[in-house]
Amino acid sequence: DVYKRQLVDMWDEPTFSWTSDRFQVQPIDVVPKPVQRPHPPIWLAGWSIEHARRAGTAGLGFLDLSGADDERVEIHRDAYRESRAEADPMDLVCVQAFGVLADLEPGDAALERLEKWEILEIDHAVVRAGPLHGGHSAALDRVRLLTSAEIRVH
C-alpha cells in the first residue's frame, strides 16, 4: 500500500520526498523520528472482511470496529491472518496484531466475552471505560472489570 510505505519511509529515512501523478513532497526531514526499532506499530481500523484482508496484506495490525458478534469477529480474524501469511515479508511493518473494540458493561457477561476473545486468540481488546451515565464511578467499574479479567489494557 503506497500510503503505508510513505509513512514508514517518513519515519525511517533521514530525508523524505515523494513524487507521483497525484502529488509531490519536496525533500524534508520528518522529526521527531521514533526511537523504537522496529518503528511503532501501524494499525488499520476497519469493520469488514475486506478491511481485515487489506491490513493483513499490508503487514499492519488490524483493529476490528465492527461491533460484530464473536462468530463474525472470528471470520475477520481469520481473513486477517490468512492475508498476512501471504504478505511479502518485506512489507510487514507491524507485528501480527488483531484487536477488537468493544463497549462492555461490567458484569459476568462482559467477563465471559473477554474470556471468549482470549480463547479466539484476540491479541488486543480495546474496551471503552467511559463516559457513562454513572460518571466517574461507572468508568472505574469498567477499569476494575478489565483488570480483574487480567486482560491487557492499552
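The following questions and answers go through salt bridges, core packing and surface features of a predicted model.

Trainee: How many salt bridges does the count come to?

Mentor: A pair qualifies when a side-chain nitrogen of Lys or Arg is within 4 Å of a carboxyl oxygen of Asp or Glu. Asp70 with Arg113 is one such pair, and Arg77 with Glu74 is another. By this rule the count comes to 5 salt bridges.

Trainee: How far apart in sequence are the parts that Asp70 and Arg113 tie together?

Mentor: The closest N and O atoms of Asp70 and Arg113 are 2.9 Å apart, and the two form a salt bridge. Asp70 belongs to helix H3 and Arg113 to helix H4, so the parts tied together by this pair have a sequence separation of 43 residues.

Trainee: Is Asp70 buried or exposed?

Mentor: Its partner Arg113 has a relative accessibility of 24% and counts as partly exposed. Buried means under 20% relative accessible area. Asp70 has a relative accessible area of 17%, so Asp70 is buried.

Trainee: Which residues do salt bridges with shared partners join into one network?

Mentor: Arg77 meets Glu74 in a salt bridge at 3.7 Å, N to O. Arg77 also meets Asp78 in a salt bridge, here at 2.6 Å. The network made through shared partners consists of Glu74, Arg77 and Asp78.

Trainee: Where do Arg77 and Glu74 lie?

Mentor: Arg77 is buried at 9% relative accessible area, whereas Glu74 is partly exposed at 30%. The two are 3 residues apart, about one turn of the helix, and both lie in helix H3.

Trainee: Which residues touch the most other members of the largest nonpolar core?

Mentor: In soluble globular proteins, nonpolar side chains tend to be buried together. The largest nonpolar core here has 22 residues, and those touching the most other members are Phe98, Trp117 and Ile122.

Trainee: Which elements give two or more residues to this core?

Mentor: Both helices and strands are on the list. The helices are H2, H3 and H4 (108-119), and the strands are S5 (98-102) and S6 (124-127).

Trainee: Which residues does Trp117 touch, not counting those up to four places away in sequence?

Mentor: A contact requires heavy atoms within 4.5 Å. One of the partners is Asp70, the residue that also forms a salt bridge with Arg113. With those up to four places away in sequence left out, Trp117 touches Asp70, Val100, Ala102, Ile122 and Ala125.

Trainee: Which backbone oxygen does the side chain of Arg81 reach?

Mentor: Arg81 is placed in helix H3. Apart from neighbours within four places in sequence, Arg81 is in contact with Gln96, Glu121 and Asp123. The side chain of Arg81 comes to 2.8 Å from a backbone oxygen, that of Glu121.

Trainee: How far apart in space are Arg81 and Gln96, C-alpha to C-alpha?

Mentor: Gln96 is among the contacts of Arg81. They are 15 residues apart in sequence, and the C-alpha to C-alpha distance is 8.1 Å.

Trainee: Is His51 buried or exposed?

Mentor: His51 is in helix H2. Beyond residues up to four places away in sequence, His51 touches Leu44, Gly46 and Phe62. The relative accessible area of His51 is 18%, so His51 is buried.

Trainee: About how much accessible area does the nonpolar patch with Trp47 have?

Mentor: Trp47 sits in the loop between strand S3 (43-46) and helix H2 (49-58). Trp47 is exposed, at a relative accessible area of 55%. Together with Leu65, Leu101 and Val126, Trp47 forms a nonpolar surface patch of about 350 Å².

Technical notes: Residues numbered from 1 in each chain as written. Predicted model: local features only at pLDDT ≥ 70, side-chain atom pairs only at ≥ 80, totals over all residues. Heavy atoms only, no water. Patch = residues over 30% accessible without salt bridge, like charges linked within 9 Å, V, L, I, M, F, W, Y side chains within 5 Å. Areas by Shrake-Rupley, 256 points an atom, 1.4 Å probe, with all protein chains shown as cover. Helix = DSSP H or I, 4+ residues; strand = E, 2+ residues; numbered from the N terminus. Buried < 20%, exposed > 50% of the residue type's maximum accessible area, 1.4 Å probe, protein only. Polar contact = N/O pair within 3.5 Å; in protein donor to acceptor, adjacent residues only side chain to side chain. Core = buried A, V, L, I, M, F, W, Y, C linked by side-chain atoms within 4.5 Å.
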